[in-house]
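Dear colleague,

Please find below the structure that I am handing over to you. I should be grateful if you would look through it alongside the notes that come after it.

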Amino acid sequence: MNSWINLDALWGIVVVGLVAGAGLPALFALGLRALNPSARPAGRSAVTGPPAAVGPVGYAVAVLCFATVLAAIAWGIFVIVNHS
């Protein structure tokens, strides 16, 4: 039975599928969340007050997340184009 199924290739497909299918959207969502802080300044209500400003750490986290997602997309396109 094992001679018909290449388990190493199957595990590779599962890992790549999990990373591309769940990891990249989660990373993109983390970047969006970093750009939208939920904490509001003291004395401002959630309805009328403007949202809190995004700090440099939020921008850095967002840029890192978006850059990773874009790099993964570019790598995927590169692999597809090179193997065709």
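The findings are set out below, beginning with the helices and ending with the largest pocket.

Please bear in mind throughout that this is a predicted model.

Helix α2 and its packing

Helix α2 runs over residues 56-82. With 27 residues, α2 reaches 38 Å from its first C-alpha to its last, which is close to the 39 Å expected at 1.5 Å a residue. Within α2, the residues Gly58, Ala62, Cys65 and Val69 are buried. An α-helix has 3.6 residues a turn, so residues three or four places apart point the same way. The buried residues of α2 pack against α1, the helix that spans residues 7-34.

Alanine 34

Alanine 34 has its place in helix α1. Is this residue, alanine 34, buried or exposed? Its relative accessibility is 18%, and because buried means under 20%, alanine 34 counts as buried. Leaving aside residues up to four places away in sequence, alanine 34 touches Val54, Gly58, Val61 and Ala62. Two of these names, Gly58 and Ala62, also appear among the buried residues of α2. The C-alpha atoms of alanine 34 and cysteine 65 are separated by 9.4 Å, while the two residues stand 31 residues apart along the chain.

The aromatic pair

The structure holds one aromatic pair. Its members are phenylalanine 28 and phenylalanine 66, whose ring centres are 5.2 Å apart and whose planes meet at 45°, so the pair is tilted. Because phenylalanine 28 lies in helix α1 and phenylalanine 66 in helix α2, the pair ties together parts that are 38 residues apart in sequence. Both rings belong to partly exposed residues: phenylalanine 28 has a relative accessible area of 39%, and phenylalanine 66 has one of 22%.

The largest pocket

Rolling a probe the size of a water molecule over the atoms shows where empty space is left. The largest pocket in this model has a volume of about 220 Å³. Which residues line the largest pocket? They are Val15, Val16, Val19, Ala20, Leu24, Ala72, Trp75, Gly76, Val79 and Ile80. Helices α1 and α2 each supply at least two residues of this lining. By character, the lining residues divide into nine nonpolar and one polar, with no charged residue. Gly76 is the polar one, because Gly counts as polar.

Yours sincerely

Methods:
Residues are numbered from 1 along each chain as its sequence is written. This is a predicted model: local features need pLDDT of at least 70, side-chain atom pairs count only at pLDDT 80 or more; totals for chains, interfaces and linings use all residues. Side-chain values use heavy atoms; hydrogens and water are left out. On a 1 Å grid over the protein atoms alone, a cavity is a set of points where a 1.4 Å probe fits but cannot get out, and a pocket is an open set with protein on both sides within 12 Å along at least five of seven lines; lining residues have an atom within 4 Å of a point. Grid points are joined across faces, edges and corners, and a volume is the space filled by probe spheres set on the points. Helices (H or I, at least four residues) and strands (E, at least two) are DSSP runs, numbered from the N terminus. The expected span of a helix is 1.5 Å times one less than its number of residues. Buried means under 20% relative accessible area, exposed over 50%, partly exposed in between (1.4 Å probe, protein chains only). Contact means heavy atoms within 4.5 Å. Rings of Phe, Tyr and Trp (its six-membered ring) pair if their centres lie within 6.5 Å; planes under 30 degrees apart count as stacked, over 60 as edge-to-face and the rest as tilted.
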